[in-house]
Amino acid sequence: MPQSDTAPFAALSADTSAPPPEPPHAHDIPGEPGVWVFVLGDMMIFGLFFAVFTYYRGLDVELFTTAQATLNQDYGALNTLILLFSSWFVVMGVIDVRERGGRLAPPLFALGFLCGAAFVVVKFFEYREKLQAGIGITTNDFFMYYYIFTGLHLIHVLIGMGVLVVLWHLARAGVGRPQDVRLIESGAIFWHMVDLLWIVLFPLLYLIK
Amino acid sequence: MKALLWHPATLVWLGLVFATGLSWHMGTGVGADADVRLLSTMLIAVALLKVRFVIRYFMEVRGAAVVLKRLTDAWAIGVFVVLLVLYWQAT
Amino acid sequence: MNVKTQIACVWCGLLFVVLLTLGWIVIAGLVPLPSPALGADELAAFYRENTGRIRFGTLIAMFSMSLTIPWIAVIAVQMRRTEGEFPVLTYTQLVAGAVTVAILTVPTLMWTTVAFRPERDPQLILLMSDFSWLMFIMTFPPFFVQLVAIGAAIIGDKATRPVFPRWVGYFNVWVAILFLPGGLVTFFKSGPFAWNGLLAFWMPVTVFFLWYVVMFKALLTAIRQTPRQA
């Protein structure tokens with residue numbers, strides 16, 4: 001709890017538990033600034049992926065449309081909804097931590113995690129369906145992009161699930177310092193990035209003709 | 001708990017779920033005489049619109065510094081324009 | 001305190017970048033990479049026509065790669081400051097870094113092996129060439145582990161005055177992830193995921209150089225800000 005009467009002395013001690021003085025615009029950036037380096041960077045790379053896909057699609061529209069027809073669009077849509085649900089849980093969790101003491105946050109983050117797990121399960125069935133039909137990463141250009149981009153996204157989902165576990169831990173430990181709140185916000189921002197990347201990937205791979 | 005639910009983010013979320021359903025409906029079961037180019041353009045537009053809402057309301061960029069708003073908007077607009085150009089350029 | 005030595009180590013990293021560019025790209029002419037789609041005869045012809053360049057360029061490139069050894073060491077020294085009594089991440093970075101030096105050096109020797117006796121059977125040249133590029137591009141794991149260790153150490157640094165700015169930690173994790181597509185080169189002989197492709201080569205190589213630039217600055221700052229021992 002804030003010890004304003006001893007605050008001037010905190011700077012003198014070598015004690016590392018005293019929070020560093022906050023820069024003036026710390027709260028103008030949700031989460032910590034560093035996480036945005038990662039998130040914006042990753043979004044740029046996926047933007048490149050989206051562009052590369054659409055460019056090569058333009059060179060052989062018929063191949064891509066024919067191959068796309070074998071995709072399970074219901075799985076894709078279901079996964080989009082699953083991630084949206086998970087993002088909502090995470091948003092609520094962050095708000096709970098920040099404004100309401102954070103007692104509901106751990107179960108909310110856990111629900112977000114479960115949604116992530118559901119996404120992985122759906123992907124498992126989707127990939128299996130394709131692989132059992134003999135469609136692999138080298139079958140044709142469309143499926144190359146399909147497997148690689150959804151695969152890289154899936155790796156992000158798995159990393160995100162790890163992040164959600166960390167958030168669950170932090171929330172359970174009872175959030176105290178501003179850095180902890182910002183860390184939780186940062187983790188949430190990563191998860192929302194995973195959601196928004198799929199929001200673009202889904203129509204691009206599954207729907208546009 | 002109730003107060004938690006009635007948050008702008010929840011309304012945005014409902015909108016996103018609806019938009020997803022709409023895209024799914026538009027993108028599947030396309031009739032043979034449907035204008036696929038217009039449809040696909042709309043799908044891309046809806047997607048990037050959803051993205052902007054996720055960035056603004058979920059990632060809380062809505063209340064953030066202008067530079068962050070500009071960067072994320074630039075990404076959404078940039079991706080939108082590039083995808084449309086490349087899509088329409090298809091042979 | 002050996003500030004000057006540490007700074008020299010940091011400059012070795014920069015020198016590596018310069019000499020690698022000179023040797024591998026400018027002199028040897030191995031960038032853009034020979035396409036995996038080339039047939040044995042075409043590939044053999046490439047090595048035959050550029051023998052002198054390749055021999056000289058790979059010599060310089062090979063030397064430059066060992067300059068990353070002091071660079072890796074100074075990263076370890078600064079990382080050490082972020083960890084307590086048991087610096088696992090520091091050791092991880094050190095070991096992973098050492099492996100990356102080997103991974104860079106061995107393919108370089110393969111290129112010079114081919115150029116050593118270019119009148120060899122083209123099929124043998126193809127085999128050695130395939131091996132060299134797969135080893136050079138596909139082996140993302142040591143780089144990945146090295147950079148994730150650095151990222152983890154920086155982000156986990158709980159000191160009042162962190163050794164590195166936190167965004168550098170996130171940057172390292174980002175670069176690490178961008179090496180992942182390199183693993184796909186074994187599947188493709190053309191396209192963006194082939195070893196000469198946009199996403200498996202050009203993108204990772206670009207961020208590889210960017211990483212040196214960012215870490216160069218970050219290390220010099222960290223060294224300068226190291227508190228003097230009493």
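Guide: Two residues are in contact if their C-beta atoms, placed from the backbone, lie within 7 Å. Keep that cut-off in mind, and keep in mind that this is a predicted model.

Visitor: What is A:Leu167 in contact with, leaving aside its neighbours within four places in sequence?
Guide: A:Phe109, A:Ile184, A:Gly187 and A:Ala188. They count because each of these pairs has its C-beta atoms within 7 Å.

Visitor: What makes A:Leu167 stand out in the largest nonpolar core?
Guide: A:Leu167 is among the seven residues that touch the most other members of that core. The others are A:Phe109, A:Val200, B:Val51, C:Trp174, C:Phe193 and C:Ala200, and the core holds 155 residues.

Visitor: Why may A:Leu167 be called buried?
Guide: Membership in a nonpolar core requires being buried, which means 20 or more other C-beta atoms within 10 Å. A:Leu167 belongs to the core, so it passes that cut-off.

Visitor: Which element gives the largest share of this core?
Guide: Helix 7 of chain A, residues 178–207, which supplies 18 residues.

Visitor: And how much of chain A as a whole is buried?
Guide: Of its 209 residues, 44% count as buried.

Visitor: What makes chain A all α in its pattern?
Guide: Chain A has seven helices and zero strands, and along the sequence the pattern reads α-α-α-α-α-α-α.

Visitor: How do you know whether helix 6 of chain A has the span expected?
Guide: Take 1.5 Å times one less than its number of residues. Helix 6 has 32 residues, the expected span is 46 Å, and its first and last C-alpha atoms are 46 Å apart, so the two values are close. After helix 6 comes A:Gly174, with a positive phi near 80°.

Visitor: Which elements give two or more residues to the side of chain A that touches chain C?
Guide: Helix 2 (33–59) and helix 6 (141–172) of chain A. In this interface 19 residues of chain A are in contact with 19 residues of chain C. Helix 2 gives the largest share of chain A's side, nine residues, and that side divides into 12 nonpolar, four polar and three charged residues.

Visitor: Which chains share the most contacts?
Guide: Chains A and B, out of two pairs in contact.

Visitor: How do you know whether chain B and chain C touch?
Guide: They don't: their nearest C-alpha atoms are 15 Å apart.

Visitor: What confidence goes with chain C?
Guide: Its mean pLDDT is 94, and 99% of its residues reach 70 or more. For the model, ipTM is 0.91 and pTM is 0.90.

Definitions and conventions
Residues are numbered from 1 along each chain as its sequence is written. Chains are lettered from A and ligands numbered from 1 in the order in which they are written. This is a predicted model: local features need pLDDT of at least 70, side-chain atom pairs count only at pLDDT 80 or more; totals for chains, interfaces and linings use all residues. Helices (H or I, at least four residues) and strands (E, at least two) are DSSP runs, numbered from the N terminus. Ala, Val, Leu, Ile, Met, Phe, Trp, Tyr, Cys and Pro count as nonpolar, Asp, Glu, Lys and Arg as charged, and the others, Gly among them, as polar. pLDDT is the predictor's confidence in each residue, from 0 to 100. A residue is buried if 20 or more other C-beta atoms lie within 10 Å of its own, exposed if 12 or fewer, and partly exposed in between; C-beta atoms are placed from the backbone.
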